[in-house]
Amino acid sequence: MSLLVVGSVAFDSVKTPFGEVAEALGGSATFFSTSASYFTKVSLVAVVGSDFPEKHILLLKGRGIDLKGLQKVEGKTFRWKGEYGFALNEAKTLDTQLNVFQTFKPEIPDSYRDSKVVFLANIDPDLQSDVLDQVKNPLWVGCDTMNYWIEGKRASLLKILKRVDLLMINDGEARQLSGESNLVAAAAGIHAMGPRILIIKRGEYGALMFNGKSVFAAPAFPLEKIFDPTGAGDSFAGGVMGYLSRHEKFSDSQLRKAIIYGSVMASYNVESFSLDRIKNLTEDEIISRYRKFKELTHFEAMEALDE
Ligand code: AMP
């Protein structure tokens with residue numbers, strides 16, 4: 001089933017202990033759609049300014065992403081500036097310039113209105129609502145957000161969460177959204193806000209999934225070199241949603257596989273700046289890392305202590 005995503009397309013300026021990059025291609029929808037494009041057909045809804053170069057459009061088109069919903073308007077593209085400390089665990093936002101997103105009115109092309117799966121990537125929750133209003137009858141909806149919106153637009157965020165099946169946020173955001181410091185309690189609080197499935201991303205510690213019936217934990221891939229974590233959450237979400245959107249309904253076991261695909265995509269993403277690593281992956285690379293995840297977490301059951 002085709003997957004519709006709304007989110008940011010951005011210029012990111014990022015500094016890590018290992019280097020820095022200025023105005024590189026980024027944005028939640030960019031990382032998401034590139035990652036998901038390995039699994040399914042993706043349609044993108046976003047806005048860029050007149051400063052957005054053709055080479056970036058060609059990169060996204062090269063991944064087979066449908067860009068009919070990407071508006072190009074007079075003005076400057078969204079910009080985000082962030083920095084990571086030595087532990088690379090959490091981005092410190094230094095600057096956010098909404099630019100063309102400030103006046104953006106999403107218009108969903110007719111050919112997108114029948115999309116069965118929708119992902120509301122990190123963006124103003126009012127824009128997430130606008131997009132969802134224009135999709136006729138989605139089977140299920142995924143969503144991401146961040147502290148910027150939890151603080152600044154809580155009421156709008158709570159409104160959209162009532163319409164969301166699967167929420168993917170990081171541990172800090174889960175605590176902030178729920179007001180609970182314990183993640184199990186946070187998950188219960190967030191289920192009550194609407195999403196029946198909650199995936200909590202924990203950076204280098206992996207991800208936790210709560211669906212009301214079971215809890216699943218996936219590690220992050222132990223990489224020797226992590227270059228830039230920017231976009232890890234979005235490429236994780238792209239792998240999860242891309243794999244799940246191959247199915248009308250999905251079981252607990254498919255959800256677990258999806259989380260491993262998400263972890264595979266995030267692990268490749270952090271190996272370089274911007275989209276450098278995930279723009280050219282092969283199916284073999286994806287499958288081989290999936291298998292390594294299986295080995296990483298495999299252990300035998302025991303019947304007694306002295307077995
Ligand atoms: P993550 O996957 O969490 O590392 O997300 C990083 C991406 O989020 C960057 O490429 C940024 O351009 C984008 N971003 C940062 N702040 C915002 C915001 N307030 N709204 C939308 N996108 C954002």
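## From the ligand outwards

A polar side-chain atom of Asp234 sits 2.6 Å from an oxygen atom of the ligand, and that contact is a good place to start a walk through this predicted model. Taken alone, the ligand would expose 510 Å², and the protein buries 88% of that area. Two further polar contacts are worth finding on your screen. The side chain of Asp12 brings an N or O atom to 2.5 Å from an oxygen atom of the ligand. At Gly231 the backbone does the job: a polar backbone atom of Gly231 is 2.8 Å from a ligand oxygen.

Now step back to see the whole shell. It holds 18 residues, and the closest of them are Ser8, Asp12, Gly27, Gly231 and Asp234. By character, the shell divides into nine nonpolar, seven polar and two charged residues. Which elements supply at least two of these residues each? They are strand S2 (10-16), strand S6 (78-84), helix H4 (147-152) and helix H8 (232-244). Of the contributors, H8 gives the most, with three residues.

Two of those elements, S2 and S6, lead us into a sheet. Four strands form this open sheet, in the order S3-S2-S6-S7, with mixed pairing. At its edges are strand S3 (19-26) and strand S7 (91-97), each of which pairs on one side only. On average, neighbouring strands here are turned by 15° against each other, direction ignored. S2 and S6 run parallel and are joined by six bridges. Asp12, which you met at the ligand, stands opposite Trp80 in S6. Helix H1 (residues 28-36) packs on this sheet, where it touches S2 and S3, and its direction makes about 80° with that of S3.

Follow S2 to its other neighbour and the sense of pairing changes: S2 and S3 are antiparallel, again over six bridges. In this pair, Val14 has Val21 in S3 as its bridge partner. The connection between S2 and S3 is a hairpin through two residues.

There is a second open sheet to explore. Nine strands form it, in the order S5-S4-S1-S8-S9-S10-S11-S12-S13, and the pairing is mixed. Strand S5 (66-72) and strand S13 (215-218) are the edge strands, each pairing on one side only. Neighbouring strands of this nine-stranded sheet are turned by 15° against each other on average, direction ignored.

Within that order, look at the step from S1 to S8. Strand S1 (residues 3-6) and strand S8 (residues 117-120) pair in the parallel sense over four bridges. For a landmark in this pair, find Val5, which stands opposite Phe119 in S8. Helix H3 (residues 125-133) packs on this sheet, touching S1, strand S4 (42-48), S8 and strand S9 (140-143). The direction of H3 makes about 165° with that of S8.

To close the tour, return to the ligand with the sheets in mind. S2 and S6 belong to the four-stranded sheet, and each supplies at least two residues of the shell. Helices H4 and H8 do so as well, with H8 giving the most.

Terms used. Residues are numbered from 1 along each chain as its sequence is written. This is a predicted model: local features need pLDDT of at least 70, side-chain atom pairs count only at pLDDT 80 or more; totals for chains, interfaces and linings use all residues. Side-chain values use heavy atoms; hydrogens and water are left out. A residue is near a molecule or strand if one of its heavy atoms lies within 4 Å of it. A polar contact is a pair of N or O atoms within 3.5 Å; within protein, one must be able to donate a hydrogen and the other to accept it, and residues adjacent in sequence count only if both atoms are side-chain atoms. Accessible areas come from the Shrake-Rupley method with a 1.4 Å probe; for residues, only the protein chains shown count as cover. Ala, Val, Leu, Ile, Met, Phe, Trp, Tyr, Cys and Pro count as nonpolar, Asp, Glu, Lys and Arg as charged, and the others, Gly among them, as polar. Two strands pair if DSSP finds at least two bridges between them. Axes are lines fitted to C-alpha atoms, for helices over the stretch in contact, and angles run from 0 to 180 degrees between N-to-C directions. Contact means heavy atoms within 4.5 Å.
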